[in-house]
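Q: Please take a close look at one part for me: the aromatic pairs. I'm new to this, and a slow walk through the rings would help.

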Amino acid sequence: MPRSRDLDWDGCLNVRDLGGHRTTDGGETRFGEIVRADSIRQLTDDGWRAAVEYGVRTVVDLRMDAELEADPPAKLPVEVLHFPFFHDDEEAFAEVEAASESAADTASGTRDVYLVFLERFRANVAAAFGAVAHAPEGAVVVHCMGGKDRTGLLVALLLRVAEVDDAQIAADYAISEERLWPRHEAWLAEAGTDAERERVKRIAATPAGSMLGVLEELERRYGSVDAYLRAGGLGDDELQLVRNRLRG
């Protein structure tokens, strides 16, 4: 019987193992090595026990410095490494807003916003990838506040380097919309204006086409995802460490 990627850790809505993806050479990514999650700050004591029992020994936290200041790290039963996926940059966020507003639809808008962050914070992305590559033995969890955008992008890059094809990666990204719906449904109920409701709907959306477009554009601009990560300062040894981790 195929093993499920979905993990039930009390307190989180969107926890999936990166194992079980078919690779382009007919293999399969390994279970128990890398896990994606929405904010693990939401885990209950039972949720933490489940994570530790699963073999988690390292957490790579993608939150910004300001997010940590607002919600400081607590003492946790695993090692936590802070590698912010991006920083609070006015120019970057202005470009993001412009990309979102000028897009023809949600899928292309999300794609364009993601590409802004990937280009402006290329070194941050590479550093977070490297943190996963160098994590000690045991499962690694990557997370941010929502577990959809920053986490989704890093996971997409990890899976692409492990030679999972773009369509599978995009389909897995799209699952987050359903998984996170209880949280977004509550946000919609709290929204006081039509504009706020539309914003929540944009935040909640995870069209597969957005991630597919991101991967295709990185390959067009750089030749490969590997080359994009090298441009951010990552070495071939770190790329190979991730392949070894996910491929065995």
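A: Let's start with the rule: rings of Phe, Tyr and Trp (its six-membered ring) pair if their centres lie within 6.5 Å, and planes under 30 degrees apart are stacked, over 60 edge-to-face, and the rest tilted. Ring pairs built this way tie Phe-86, Phe-93, Phe-117 and Phe-121 into a cluster. Keep in mind that this is a predicted model, where local features need pLDDT of at least 70 and side-chain atom pairs need 80 or more, while totals for chains, interfaces and linings use all residues. Residues are numbered from 1 along each chain as its sequence is written, and side-chain values use heavy atoms, leaving out hydrogens and water.

By the ring rule, the count comes to 8 aromatic pairs. One of them joins Phe-86 and Phe-93: the centres are 5.8 Å apart, and with 85° between the planes the pair is edge-to-face. How buried or exposed are these two? Phe-86 has 9% relative accessibility, so it counts as buried (under 20% relative accessible area, with exposed over 50% and partly exposed in between, using a 1.4 Å probe and protein chains only). Phe-93, at 29%, is partly exposed.

Now hop over to another pair, Tyr-114 with Tyr-173: also edge-to-face, at 6.2 Å centre to centre and 80° between the planes. This pair links distant parts of the chain, since Tyr-114 sits in helix α4 (residues 106-120) and Tyr-173 in helix α7, 59 residues apart. Helices here are DSSP runs (H or I, at least four residues), numbered from the N terminus. Both Tyr-114 and Tyr-173 are buried.

Tyr-173 has another job to show you: it is one of the α7 residues that meet α10. On the α7 side you'll find Asp-166, Ala-167, Ile-169, Ala-170, Ala-171 and Ala-174 along with Tyr-173. Facing them in α10 are Ala-208, Ser-210, Met-211, Leu-212, Leu-215, Glu-216 and Glu-219. Meeting here means contact, with heavy atoms within 4.5 Å. The residues of this contact divide into 10 nonpolar, 1 polar and 3 charged (Ala, Val, Leu, Ile, Met, Phe, Trp, Tyr, Cys and Pro are nonpolar, Asp, Glu, Lys and Arg charged, the others, Gly among them, polar).

Notes. Helices (H or I, at least four residues) and strands (E, at least two) are DSSP runs, numbered from the N terminus.
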